[in-house]
Amino acid sequence: MDIIRMSFFGNSNIGVYGFTNNKIIILPPGIGRDDLREVSETLKVDVVEARIAGTILNGVFINGNDNGIVLPHIVFEEELGLIKEKAREHGLNIGVVRSKHTALGNLLLCNNKGCITSPLLEREVRNKISDTLGVEVVEKDLMKLAIPGSLGVVNDLGGVVHPGFVDDDFKTLLDVLKIKAEKATVNAGVPYIRSGVLANNKGIVVGGNTTGPEIIRIKRGLGGELE
């Protein structure tokens, strides 16, 4: 599994700008061609350049897996059309959810086996997410916080999570997502791991300030190398 360091717009918090599964990565316009090519080759995905609600904070608003992508209702029609066009090419469902809580990147932690959702999300929203992603959705906070998506990055092999995880949190990952995970930080000590990591089953991109020891832990966790 390849792993590279990268910054977008001069910022090492790359996770706030993008969403990826094993088929596509959705990034905002304005990232250099060479960087896009390197990310695409590392993750082995097609690149979709689009904004969400006119912003470049795609990673804050988008979530999903290889079955589908969920977007907040604040997405603009032209943005949605662009994403839908590429999604159809890869057989992805698109679900637009209506909730006052729009930061789906922070509120969901998903892979192709399951999805942990924030207790903040309404029941009908959770049902829509389950239908779109084709997996069981379980409402659960992690670390007694209602932002499971901010606290980890997962794929189908494993995951990396906030250093504050306790045994019950790891049990939830095992029960719902069927994975084990490694505690780690990113970008020289940032505990909210999603802010600095984009990963799928094929590769990993970490923020440009990530240290060597952090890279080792991140690669071990996402590579499923834990006993």
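How many bridges join strand S6 to strand S7, and do the two run parallel or antiparallel? Here are some notes to help you find your way around; keep in mind that this is a predicted model.

1. Let's take that pair of strands. S6 covers residues 68-72 and S7 covers residues 93-97; five bridges hold them together, and the strands run parallel. If you want one pairing to look up, go to Pro72, whose bridge partner in S7 is Val97. To get from S6 to S7, the chain passes through helix H3 (residues 77-89), making a β-α-β crossover that is right-handed.

2. Next, have a look at helix H6, which spans residues 167-177. Its buried residues are Asp169, Thr172, Leu173, Val176 and Leu177. Looking down the axis of H6, you'll find these buried residues within an arc of 100°, so they line one face of the helix. The spacing fits a general rule: an α-helix has 3.6 residues a turn, so residues three or four places apart point the same way. Turn to the other side of H6 and you meet Asp167 and Asp168, which are exposed.

3. What covers the buried residues of H6? The cover includes strands S8 (108-110), S9 (115-117) and S10 (137-139), along with S11, S12 and S13. Just after H6 comes Lys178, which has a positive phi, near 60°.

4. Helix H7 (residues 212-222) can be read in a similar way. Buried here are Glu214, Ile215, Ile218, Gly221 and Leu222. They span an arc of only 135° around the axis, which puts them on the same side of H7. Against them pack strands S1 (2-6), S11 (152-154), S12 (159-161), S13 (181-183), S14 (197-199) and S15 (203-207). Following H7 is Gly224, and its phi is positive, near 70°.

5. Leu222 deserves a stop of its own. Is this residue of H7 buried or exposed? Its relative accessibility is 0%, and buried means under 20%, so Leu222 counts as buried. Once neighbours within four places in sequence are set aside, Leu222 is in contact with Met1, Val153, Val154, Asn155, Leu157, Gly158, Gly159, Val160, Val197, Ala199 and Ile204.

6. One last distance, in case you'd like to check it on screen. Leu142 and Leu222 are 80 residues apart along the chain, and 19 Å separates their C-alpha atoms.

Technical notes: Residues are numbered from 1 along each chain as its sequence is written. This is a predicted model: local features need pLDDT of at least 70, side-chain atom pairs count only at pLDDT 80 or more; totals for chains, interfaces and linings use all residues. Side-chain values use heavy atoms; hydrogens and water are left out. Buried means under 20% relative accessible area, exposed over 50%, partly exposed in between (1.4 Å probe, protein chains only). Helices (H or I, at least four residues) and strands (E, at least two) are DSSP runs, numbered from the N terminus. The arc is that of the directions from the helix axis to the C-beta atoms. Contact means heavy atoms within 4.5 Å. Two strands pair if DSSP finds at least two bridges between them. A crossover is right-handed if, with the strands pointing away from the viewer, the path from the first strand over the helix to the second runs clockwise.
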